[in-house]
Amino acid sequence: MTNYEANHYLMVKSIEGALGREILISDAMSAAMVLWDQLYRNQAPWCGQDVKSMNLASAIAAELACQATLDFQSNISGSKRADLMNNQIYQNVLFDIRQWTEYACADGGVVFKPYPDKNRLAVEYVRASRFFPLAVDSRGEVVSAVFLDRTQHNGRMYSRLEEHVLDASGVTVKNYAFCGGGFLGLGKAVPLTEVPAWSGLSESVTLHGLTKPLFSYMKLPMANTVDPYSPLGASVFARGVGLIQEADKQFSRLIWEYEGGELAVDASVDALLLENGDMKMPSLNRRLFRALDLDAGDSDLYSVYAPALRDQSYLAGLNEMLVRIEDLCGLARGTISNTSNTARTATELKILRQRSYSTVADIQKSLQKALGNLVDGLDAIATIFGLLPPGRYDVTFEFDDSTIVDRTTQFTEMQQLVEQGVMSKWEFRTWYLGETEEQAKARLAEIEQGRAEDGEVH
């Protein structure tokens with residue numbers, strides 16, 4: 001973890017001072033964001049020599065991100081413009097989508113920020129620790145924000161603030177550069193030209209006609225219990241932090257039980273060989289033997305130390321904690337806990353998976369919304385800077401639902417609905433193949449035409 005992230009509160013205050021504007025991040029939210037980041041990086045403040053980490057936070061975020069993006073597909077289509085947008089940049093975003101969904105799960109959200117890179121479209125990914133909301137709309141969605149970029153140049157720390165403000169005239173983007181301040185602040189204002197990578201940036205530009213922000217914020221759907229009024233999302237493991245700490249402690253007790261219960265042999269010094277004046281241990285594992293000055297009158301030269309382990313009690317307690325963490329974090333029981341000792345029917349297993357399915361489905365909705373807004377931003381950038389030819393576009397999304405649905409059974413049921421006339425063939429194609437209504441109907445027309453031509457030949 002960087003010092004910057006450890007001093008998130010101080011950075012918020014420094015940005016407020018530099019811009020003369022309020023950042024919509026409360027002190028409680030700032031502290032929670034730092035803690036979530038520490039847990040995700042496996043650097044929980046309670047861990048150390050006596051308490052070992054199970055790295056549960058990272059495992060939870062990774063598991064939910066994996067389920068949410070498993071076999072996920074999305075495409076932009078409808079025109080040459082759409083095809084270029086899809087192939088030039090959008091599919092590259094999807095290639096990294098699991099990683100950034102995991103960051104969103106850990107931090108409570110992540111930002112996709114499109115921008116023009118010379119004559120091409122590009123997307124910058126911004127984690128929550130470098131995203132500072134300035135204003136929200138009537139629905140509580142962030143519409144104005146500041147982004148922080150930091151770099152080292154000539155041995156000095158430079159910071160750049162990129163301010164996006166949406167108002168009646170459009171979106172105004174301003175850039176500010178600062179030097180110094182270390183990890184506790186911004187330092188003094190300097191020209192953008194002091195950093196070669198920033199020298200080509202405009203200090204201020206207004207993009208007229210825009211009614212939405214250019215950036216797209218993927219906010220996790222879980223309620224924010226740290227600050228219910230914050231526009232920022234909460235980490236997927238936010239509600240389980242206290243129990244994660246207790247699980248780490250219990251895990252450490254289990255490790256100590258194994259270490260303390262290792263087999264050892266207390267041996268009299270008379271039972272050990274002397275070699276050049278030093279005691280020589282037997283050829284077995286040296287840690288099994290401990291030389292002791294036993295009572296000379298004791299007839300036993302060896303005494304075996306092999307206490308009975310209480311690991312089952314510790315394991316049972318740890319497993320119960322893991323089950324509670326699953327409940328709090330929206331995971332199906334058995335995801336990180338052990339349920340193998342309990343017999344389950346197929347129906348019971350389906351019910352147990354329902355919690356994960358609900359959580360994953362909500363994350364997928366947030367992801368779909370964020371990617372849809374990203375495409376709108378890409379389209380706006382392409383239009384403003386003339387990067388792509390004019391044209392319409394449609395975005396399709398296809399998520400894997402095998403977490404709860406038997407795909408084969410569902411396919412059979414859908415086929416029956418088509419045969420019974422309850423569902424049309426084009427609806428079936430949109431469900432199964434992920435096509436748009438227009439694409440499905442066009443393809444069905446081609447198939448019917450091909451059959452008619454084959455009939456004429458024969």
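**Surface, salt bridges and local backbone features of the predicted chain**

The chain exposes about 24000 Å², and carbon and sulfur atoms supply 50% of that area; accessible areas come from the Shrake-Rupley method with a 1.4 Å probe, and for residues only the protein chains shown count as cover. The model is predicted, so local features need pLDDT of at least 70 and side-chain atom pairs count only at pLDDT 80 or more, while totals for chains, interfaces and linings use all residues. Residues are numbered from 1 along each chain as its sequence is written, and side-chain values use heavy atoms, with hydrogens and water left out.

Of the 458 residues in the chain, 43% are buried; here buried means under 20% relative accessible area, exposed means over 50%, and partly exposed lies in between (1.4 Å probe, protein chains only). The chain holds 12 helices and 16 strands, where helices (H or I, at least four residues) and strands (E, at least two) are DSSP runs numbered from the N terminus. Contacts (heavy atoms within 4.5 Å) often span long stretches of sequence: among those between residues at least 6 apart, 65% join residues at least 24 apart.

Cysteines and charged side chains were examined next. A disulfide is a covalent bond between the sulfur atoms of two cysteines. With a cut-off of 2.5 Å between cysteine sulfur atoms, the count is 0 disulfides. Cysteine 47 counts as partly exposed because its relative accessibility is 25%, whereas cysteine 329, at 2%, counts as buried.

Side chains of opposite charge can pair when their charged atoms come close. A search of the whole structure finds 23 salt bridges, each defined as a side-chain nitrogen of Lys or Arg within 4 Å of a carboxyl oxygen of Asp or Glu. One of them joins arginine 81 to aspartate 379, with the closest N and O atoms 2.8 Å apart. This pair links distant parts of the chain, with arginine 81 in helix H5 (residues 80-95) and aspartate 379 in helix H9 (residues 346-384), 298 residues apart. Both arginine 81 and aspartate 379 are buried.

Helix H9 also takes part in a salt bridge between aspartate 376 and lysine 212, whose closest N and O atoms are 2.8 Å apart. Aspartate 376 lies in H9 and lysine 212 in the loop between strand S9 (204-208) and strand S10 (216-219), so the pair ties together parts that are 164 residues apart in sequence. Aspartate 376 is partly exposed at 29% relative accessible area, and lysine 212 is partly exposed at 36%. Elsewhere, a network of salt bridges links Lys113, Glu124, Asp149, Arg160 and Glu162.

Helix H3 (residues 27-40) offers a good view of burial and helix geometry together. Its 14 residues reach 20 Å from the first C-alpha to the last, close to the 20 Å expected at 1.5 Å a residue; the expected span is 1.5 Å times one less than the number of residues. Because 10 of the 14 residues of H3 are buried, the helix is largely enclosed by the rest of the structure. Among the buried residues of H3 are Met29, Met33, Trp36 and Asp37. Aspartate 37, with a relative accessible area of 5%, forms a salt bridge with arginine 41, the closest N and O atoms being 2.7 Å apart. Arginine 41 counts as partly exposed at 30% relative accessibility.

Backbone angles add a further detail. Most residues other than glycine have a negative phi, and most peptide bonds are trans. Asparagine 42, which follows H3, has a positive phi near 60 degrees. Asparagine 42 sits in the loop between H3 and helix H4 (56-69) and is partly exposed, with a relative accessible area of 35%. Asparagine 154 likewise has a positive phi, of about 55 degrees, although it is not a glycine. Its place is the loop between strand S5 (142-153) and strand S6 (156-167), and asparagine 154 is exposed at 67% relative accessible area.

Strand S6 includes arginine 156, which is partly exposed at 40% relative accessible area. Not counting residues up to four places away in sequence, arginine 156 touches Thr151, Cys179 and Lys188. The C-alpha atoms of arginine 156 and glycine 182 are 8.8 Å apart in space, with their positions 26 residues apart in sequence numbering.
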